[in-house]
Amino acid sequence: MATPRLTLREITERLGGEVVGEADAPLSGIASLDDAGPGQLTFLASPKFRSRLAGTRAAAVIVGPKDRDATTLPRIVAANPYAYYARAVALFHPAKPVVAGIHPSAVVDSSARVAPSACVGPFAVIEAGAAVGERATIGAGCYVGEGAVIGDDTFLHPRVTVYHACVVGARGILHSGAVIGADGFGMAPENGAWVKIPQVGRAVLGDDVEVGANTTIDRGALGDTVVEEGVKLDNQIQIAHNCRVGAHTVIAGCAGIAGSTTIGRHCLIGGGVGIIGHLTICDGVTVSGMTLVTKSITAPGTYTSGGPFMPHAEWLRNAAHLRHLDRIAHDARAASRQGKADGTDDD
Amino acid sequence: MATPRLTLREITERLGGEVVGEADAPLSGIASLDDAGPGQLTFLASPKFRSRLAGTRAAAVIVGPKDRDATTLPRIVAANPYAYYARAVALFHPAKPVVAGIHPSAVVDSSARVAPSACVGPFAVIEAGAAVGERATIGAGCYVGEGAVIGDDTFLHPRVTVYHACVVGARGILHSGAVIGADGFGMAPENGAWVKIPQVGRAVLGDDVEVGANTTIDRGALGDTVVEEGVKLDNQIQIAHNCRVGAHTVIAGCAGIAGSTTIGRHCLIGGGVGIIGHLTICDGVTVSGMTLVTKSITAPGTYTSGGPFMPHAEWLRNAAHLRHLDRIAHDARAASRQGKADGTDDD
Amino acid sequence: MATPRLTLREITERLGGEVVGEADAPLSGIASLDDAGPGQLTFLASPKFRSRLAGTRAAAVIVGPKDRDATTLPRIVAANPYAYYARAVALFHPAKPVVAGIHPSAVVDSSARVAPSACVGPFAVIEAGAAVGERATIGAGCYVGEGAVIGDDTFLHPRVTVYHACVVGARGILHSGAVIGADGFGMAPENGAWVKIPQVGRAVLGDDVEVGANTTIDRGALGDTVVEEGVKLDNQIQIAHNCRVGAHTVIAGCAGIAGSTTIGRHCLIGGGVGIIGHLTICDGVTVSGMTLVTKSITAPGTYTSGGPFMPHAEWLRNAAHLRHLDRIAHDARAASRQGKADGTDDD
């Protein structure tokens, strides 16, 4: 689809903000400060990039109130220039309207309720008693299990699976390969083997949840796994059974959350993070990439584990000592005490 | 499907165990100690939760022999209350019977052998020479490659891929997005580029194996990748070519096992664990979450790597020293020796 | 398909190299030094395995020039025996020819251009304006989005998704469950919630790229995500938006590369590695398994983080000290200075 041309006036008429300078020159698109070419709009997401503003070839720029006078380019002054940029991209790249209808190849059970305005793609399967909301899209090859619910305006990209009885709220986006509601990993040991514990809870996703490609959210064992409204999940994430992820929390790719853990609201969980089971993470916690969280966190802030990477030869010299850190700590403490006893500590 | 109502008498008639107290009151379902409501059955998986027994609202409870008198509630005394609970859940939530038949949309090669009692869902593809066992289920959109074998009573949830020539045993459960038998990652360097090594072995799964959503088990390079009977794999796991995973071993989500590694029987591999290639892990090993195993393990026990997580500011102060641990260790040792020479060590 | 029988003469006629000894005995296949049986060909990938040559039961062996006289078996002397082995496997296990044609169940938009020599499997979907090259294979249940391009001789195994506008070069291999071009993970915070940033770039894969099962490569936010020619990606990898992976780089399973990071050419990225966003890794870098890379790397070499694994009891004694490494380092340094002042350092 061709990108529409828009002027600063047209943009502010739709998104708010104030135009400073030429308002009626047509712009052909949007790009970063470094990549924008003549005729394009760019944005200054943060004052810390202000020095790069001078070099941009863009025709116009979105700035925050503090950067109102940081450029002579035609500009939009907006309270939150980064969020404004997000919406401006959507103006230049409007989503295709949902084309209502069920592809003739789709297999939709007669007891499923598919809204007339919904779009069901080729080779999709919608089982008995499932419900698909208004203007929802069920992409090619998706599977919506028995009694599952897909909310209004939710978009399932191709090849998403939603198991029976699970719920996806409104305005969700589920990327290809996501699996919602597979069995949680529960089994009881008996005589050296394992007895499967049937997983009879659900996975329930609130409104405005985005789920990345190949991310998995298991159903609960007895109760539900819950992902609250506004949560954004990147690709390749695993959310185990009976977890709860609080509203507006963001989890980056490849993270894994073990069973029955509760994550608070407005958390930022880094890529590759692991959180063990049965913990509670309070609201407002940031966890650095690849940190392993082994205890509950009760205070907002940033938490980290792991060590710095280094050239391998250097690592070989250093890391072996981790096997003997207890002795090293003891030696250092003993020596320190002796130094203090002697009055020779260098503090 | 409505949950059936069951009495303690009916449950013990099917699962064994002894009823103490009222045996004929109908129970409406099963829930945890904390969540169970009136009319529900609960369970005391371990004596360590005994203190929570007093507060439960459940109508009856499954206990072990040592907890026979820990409650006055009607109860079932069972040797292994957690395994008993697992089976009781299945009574309250019986699996739907397999509906024999091939969906008219499925593409089944004329040379494939599909048992008359098997169920093949819409848009499934079963290639030439493949075999599907009695009462097996091939879910919607699954792909069973040429000459692959799916055992009796095995259940493939929607969108599972089993590549050509691979074997899945009886009573297996493969969750959505699982990929069995993709090419192992093998290539030979030549002149700065890579020559692909065709992967001509198979992936062979024993009986009673469960494979989580989006887990991948690669086929062998020349020989086979083998997952023995009773192994349980969580979601998002990667098992590389020519690995062998011993019987009844359990692997938690997001773990990755590199090529040609052998894991013993009855191991517990934690979430996010990495095991490098060409190692041997003996029977009965537990590996803590996110540990990297870089050497073979020859003694049962629990193994761990990594460090504690901490507030980021604290981490910044501490972690930088890991680059200099060799010098720190040397300094501490030297000081300790001096202290000992002086007779001032505080041991 | 039955494995053809080949003689050393036939093999060298097709792959080059020199035969020493019996050239015309038919060989039934190829196997490793330890596994090869009578009548099979084996290979000595490296002189370090020379001691195992004496025990092989193979009928013939591929060796390098330095090992020309390391055996009396009939042999092929090749400059690069491991790469030779890779090609020899392909001779014994020839790829099935692509059967041109579009399965009647596939849904191919009338504006898509599918080469007459391409193969499109059952339940594949090819959207408007997409292009599929000569002799390409689009496996069962694959999805090729609007305007996407699949190069000549590229093979998509079943259930691959290529989102709209993305490009896959020639001779690529994409394994089942791979997702190319899902939205990058971009959103702007606003009033405690998140505004989605439309991801309007593409994912562009060069020629000769292999993508493992369930690996995900996101599309760019404004510009493109680029995977250059000859890159080999294992399973379960996540490549975030606007990354660039340099030619002939290899990435092992479960690695995650955060947004806007550039990886050089001829790098070897280990399994489970994490690389944070907006970094530059130069050519020729090796990163050890499960290392977290937090800064750009400007010199070739091997880089590592993490610590050794150990028995858990030992780990408990040692790891707790990581919370106090700053004090330990200080104590050790102070004691060392005192020792030096006293002239008692043991260096």
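**Helix H3 and the paired strands of chain B**

In chain B of this predicted model, Ala313(B) and Leu316(B) are exposed on one side of helix H3(B), the side opposite its buried residues. Helix H3 comprises residues 312–319, and its buried residues are Trp315(B), Asn318(B) and Ala319(B). These buried residues lie on the same side of H3(B) because the arc that they cover around the axis is only 85°. In general, an α-helix has 3.6 residues a turn, so residues three or four places apart point the same way.

A contrasting arrangement is found in strand S3 of chain B, which spans residues 40–43 and is covered on both faces. Gln40(B) and Thr42(B) are buried on one side of the strand, while Leu41(B) and Phe43(B) are buried on the other.

Strand S3(B) also takes part in two pairings. Strand S2 of chain B, formed by residues 29–30, runs parallel to S3(B) and is joined to it by 2 bridges. Within this pairing, Ile30(B) is positioned opposite Leu41(B). The pairing of S3(B) with strand S4 of chain B, residues 60–63, is likewise parallel and involves 3 bridges. Here Leu41(B) has Ala60(B) of S4(B) as its bridge partner. Leu41(B) thus stands opposite Ile30(B) and is also the bridge partner of Ala60(B).

For chain A, the domain assignment gives domain 1, covering residues 8–92, and domain 2, covering residues 101–303. The centres of these two domains of chain A, taken over C-alpha atoms, are separated by 36 Å.

Terms used:
Residues numbered from 1 in each chain as written. Chains lettered and ligands numbered in written order. Predicted model: local features only at pLDDT ≥ 70, side-chain atom pairs only at ≥ 80, totals over all residues. Buried ≥ 20, exposed ≤ 12 C-beta atoms within 10 Å, placed from the backbone. Helix = DSSP H or I, 4+ residues; strand = E, 2+ residues; numbered from the N terminus. Arc of directions from axis to C-beta. Pairing = 2+ DSSP bridges. Domains from an automatic or database assignment.
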